[in-house]
Amino acid sequence: MSAQMTIHVAGDERSVAEGTTAADLFGADRAVVVARVNGVLVDLAHAVADGDRVEPVRIDEPDGLMVLRHSCAHVLAQAVQQVNPDAKLGIGPPIRDGFYYDFDVEKPFTPEDLKSLEKVMQRIINEGQTFHRREVSDADALVELKDEPYKCELVGLKGGMSHDDEDAGASVEVGAGTLTIYDNLRKDGSRAWGDLCRGPHIPDTKLLGNAFKVMRSAAAYWRGDQANNQLQRVYGTAWPTKADLTAYLDRLAEAEKRDHRKVGAELDLFSFPDELGSGLAVFHPKGGVLKREMEDYVRRRHIEEGFEYVGTPHISKEGLFHTSGHLPYYKDTMFPPMEFEGADYYLKAMNCPMHNLIFRSRGRSYRELPLRLFEFGSVYRFEKSGVVHGLTRVRGMTQDDSHSYITPEQAPAEIKHLLNFCLGLFRDFGLDDFYLELSTRDDKHKDKFVGSDEDWQIATKVLEDACVESGLELVPDPGGAAFYGPKVSVQARDAIGRTWQLSTIQYDFNQPKGFQLEYTAADGSRQQPVMIHSAKFGSIERFIGVLTEHYAGAFPPWLSPVQVLGIPVADDFNDYLWDVLAQMKSQGIRVELDDSDDRFPKKIRNASKSKVPFILIAGAEDMAAGAVSFRYRDGSQKNGVPVAEAIEEVIAAIRDKRQV
Ligand SMILES: [Zn+2]
Ligand SMILES: [Zn+2]
């Protein structure tokens with residue numbers, strides 16, 4: 001009889017025999033794919049030790065999904081080497097919604113290659129191969145992997161991996177400890193394949209079922225370095241069930257249909273000319289209307305909420321950004337300087353330093369606080385060309401940026417005020433599903449943040465209290481703070497459930513110090529204000545991108561570039577319909593008349609593609625009755641509406657910011 005041990009299973013104390021594995025504890029439940037022992041993920045085959053804290057990890061939890069997807073990457077690599085034994089293996093980490101594996105192959109994979117790889121993978125999965133962990137010495141690993149140069153390189157890197165390598169997923173294969181190779185065994189015990197990997201993995205390939213898919217391939221440099229060999233990265237996805245996979249693919253298709261770059265081109269809103277360079281957009285007249293409507297509304301709302309509209313230039317001498325602390329902390333994100341008249345000038349990546357100069361331009365009294373400065377500030381950020389994406393990740397953008405200068409005592413009320421203001425704005429734009437994220441300092445890397453422990457504690461508490469009071473879901477983001485203070489960000493879910501980070505509200509006790517900002521307090525003493533940075537939409541460009549996807553281009557009437565499109569049943573009614581439109585136009589409604597040579601049904605089709613909210617039709621009956629007919633976006637129709645009533649309906653929809 002073997003010795004008994006005491007372990008803690010999901011919080012309960014249990015006595016088990018020595019040699020008990022996680023599979024013995026949880027194996028009966030097929031949905032449990034790995035275990036967490038003392039906080040570390042392990043294979044189910046792992047034998048627990050006395051005193052261990054053991055928890056099951058299910059296939060549909062984030063960690064379980066990661067292991068499932070990474071295990072699928074092994075199956076992909078096995079399939080690639082089955083088809084092409086000369087393919088050399090790079091790395092194969094899980095990523096959001098899927099996984100990839102890098103291969104050194106003679107020529108890139110074609111779509112047909114990817115299809116047939118999927119078939120080979122399905123055969124491997126159906127074999128029910130099991131994953132087996134085997135510890136190896138560095139020397140043995142190098143012998144066994146002599147035909148895998150990239151794996152050998154990773155063995156050499158062991159323990160000395162850079163942050164970039166870890167970010168790039170290289171730590172999936174080797175950690176700081178003993179090397180391990182995972183063998184895939186068939187049901188008859190024969191070895192099908194193996195790979196250097198830290199693990200853990202699912203116990204059996206069968207768990208992948210048919211809920212996986214090879215998505216696409218793209219070139220990628222080994223270890224993300226352009227000086228290295230170019231590999232081919234194959235992306236795939238895997239889910240607990242076929243239904244989950246189908247739902248995911250449907251979401252992707254829906255997102256693709258709504259892609260703002262595509263919709264923006266179809267509706268003639270904006271474009272990204274190559275001549276300008278990556279991440280720089282131009283707005284066409286129709287996109288210009290959308291942008292102007294947004295800006296006008298946002299400017300008016302700011303003024304109503306007590307903000308003062310200011311203006312600042314696009315460039316500044318570098319000293320300003322040293323005073324603000326953005327240099328050197330933020331240097332990688334700023335465009336390189338231009339040198340002239342003996343000084344280095346930077347394109348501004350943020351507006352705060354300039355607002356501070358406005359605050360400092362004369363003496364300030366406590367009576368003026370909160371002082372809220374606001375502008376549409378154009379900022380430039382050096383995003384890597386690989387991450388630039390349409391309007392949502394750009395290099396030049398317009399922030400609806402404000403800075404509130406307050407006494408420390410005013411901070412709780414000001415943050416609450418800003419938060420409510422942001423949420424109200426989003427609701428006006430048709431977004432009403434939010435959660436908040438609280439980004440705090442990374443206490444392990446204090447050197448990346450400026451300010452005392454006490455300052456950080458106070459600021460974090462103030463933000464947290466405001467978040468809790470809002471009643472919204474709050475997600476912690478440790479380490480995500482700006483270098484100068486913690487922040488709250490508003491995350492909004494769009495029409496298809498994706499989340500977008502919009503507003504940020506940042507508490508800053510550092511810039512006021514750097515700029516020696518002061519106000520005269522009630523007792524005549526000089527005090528330092530706190531500043532709160534806040535961009536409500538992040539940027540106007542990005543928000544237009546988000547709205548375009550949220551509405552799939554079918555904007556509510558108040559934002560629609562064209563609000564009413566007139567389509568006469570025949571040319572004879574052009575003049576009559578134009579008369580009606582002219583009355584609307586005189587009331588500020590944006591109208592167009594389709595008097596082209598196209599036939600009526602074609603005009604209707606074009607109009608519905610253009611996503612105009614109101615189509616007005618006029619024929620003989622309408623004209624005789626002094627009426628028009630509405631055709632709405634959903635294809636429904638309302639006939640014989642008296643002209644005055646029609647105008648009132650359109651005006652009311654615009655005024656009430658209604659979606660139609
Ligand atoms: Zn692995
Ligand atoms: Zn700022």
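A residue counts as buried when its relative accessible area is under 20%. Arg 590 therefore counts as buried, since its relative accessibility is 15%. The model is a predicted one, and the paragraphs below go through it site by site.

Arg 590 forms a salt bridge with Glu 293, and the closest N and O atoms of the two are 2.6 Å apart. The pair links distant parts of the chain: Glu 293 belongs to helix H9 (residues 285–304), while Arg 590 sits in the loop between helix H17 (574–585) and strand S30 (591–593), 297 residues apart. Glu 293 has a relative accessibility of 19% and so counts as buried.

Helix H9 also carries a salt bridge between Arg 299 and Asp 296. Their closest N and O atoms are 3.4 Å apart. The two residues are separated by about one helical turn because they are 3 residues apart in this helix. Arg 299, at 25% relative accessibility, counts as partly exposed, and Asp 296 counts as partly exposed at 38%.

The structure holds 45 salt bridges. Side chains of opposite charge can pair when their charged atoms come close. Another of these pairs is Arg 364 with Glu 368, where the closest N and O atoms are 2.9 Å apart. Arg 364 is buried, with a relative accessible area of 10%, whereas Glu 368 is partly exposed at 24%. Salt bridges that share partners also join Arg 36, Glu 55, Glu 61 and Asp 63 into one network.

The next site is the metal. The zinc ion (ligand 2) is coordinated by the SG atom of Cys 352, NE2 of His 403 and ND1 of His 533, at 2.0 to 2.4 Å. Along the chain, the donors of this zinc ion follow the spacing C-x50-H-x129-H. His 403 in strand S21 and His 533 in strand S28 (residues 530–535) link distant parts of the chain, being 130 residues apart. Both histidines, His 403 and His 533, are buried.

Strand S21 (residues 396–406) also contains Ser 404. Ser 404 has a relative accessible area of 0% and is therefore buried. Its side chain makes a polar contact of 2.7 Å with the side chain of Glu 414. Leaving aside neighbours within four places in sequence, Ser 404 is in contact with Leu 371, Arg 372, Glu 414, Leu 418, Val 530, Met 531 and Ile 532.

Gln 81 offers another buried site. This residue lies in helix H2 (residues 62–83), and its relative accessibility of 15% is why Gln 81 counts as buried. Residues up to four places away in sequence are not counted among its contacts; Gln 81 touches Ala 87, Leu 89, Glu 148 and Trp 193. With Ala 87 the approach involves the backbone: the backbone oxygen of Ala 87 lies 2.8 Å from a polar atom of the Gln 81 side chain. As for the distance to Gly 424, Gln 81 is 343 residues from it in sequence and 56 Å from it in space, C-alpha to C-alpha.

On the surface, Ile 315, Met 338 and Phe 340 make a nonpolar patch of about 210 Å². Ile 315 is found in strand S17 (residues 315–317). With a relative accessible area of 31%, Ile 315 is partly exposed.

The backbone remains to be described. A cis peptide bond joins Gly 199 and Pro 200, with omega about 0 degrees. Pro 200 is placed in the loop between strand S11 (191–196) and strand S12 (212–221). The peptide bond from Leu 369 to Pro 370 is also cis, with omega near -5 degrees. Pro 370 lies in the loop between helix H12 (352–360) and strand S20 (371–380).

Positive phi values also occur in residues other than glycine. Asn 38 has a phi near 50 degrees and lies in the loop between strand S3 (32–37) and strand S4 (40–42). At 35% relative accessibility, Asn 38 counts as partly exposed. Lys 611, which is not a glycine either, has a positive phi of about 60 degrees. Lys 611 is found in the loop between helix H18 (600–610) and strand S31 (614–618), and at 26% relative accessibility Lys 611 counts as partly exposed.

Definitions and conventions:
Residues are numbered from 1 along each chain as its sequence is written. Chains are lettered from A and ligands numbered from 1 in the order in which they are written. This is a predicted model: local features need pLDDT of at least 70, side-chain atom pairs count only at pLDDT 80 or more; totals for chains, interfaces and linings use all residues. Side-chain values use heavy atoms; hydrogens and water are left out. Helices (H or I, at least four residues) and strands (E, at least two) are DSSP runs, numbered from the N terminus. Buried means under 20% relative accessible area, exposed over 50%, partly exposed in between (1.4 Å probe, protein chains only). A polar contact is a pair of N or O atoms within 3.5 Å; within protein, one must be able to donate a hydrogen and the other to accept it, and residues adjacent in sequence count only if both atoms are side-chain atoms. Contact means heavy atoms within 4.5 Å. Patches are made of residues with over 30% relative accessible area and no salt bridge: like charges are joined within 9 Å, nonpolar side chains (Val, Leu, Ile, Met, Phe, Trp, Tyr) within 5 Å. Accessible areas come from the Shrake-Rupley method with a 1.4 Å probe; for residues, only the protein chains shown count as cover. A salt bridge is a side-chain nitrogen of Lys or Arg within 4 Å of a carboxyl oxygen of Asp or Glu. Donors are N, O and S atoms within 2.8 Å of the metal (3.2 Å for Na, K and Ca); water is not among the atoms, so sites may look incomplete.
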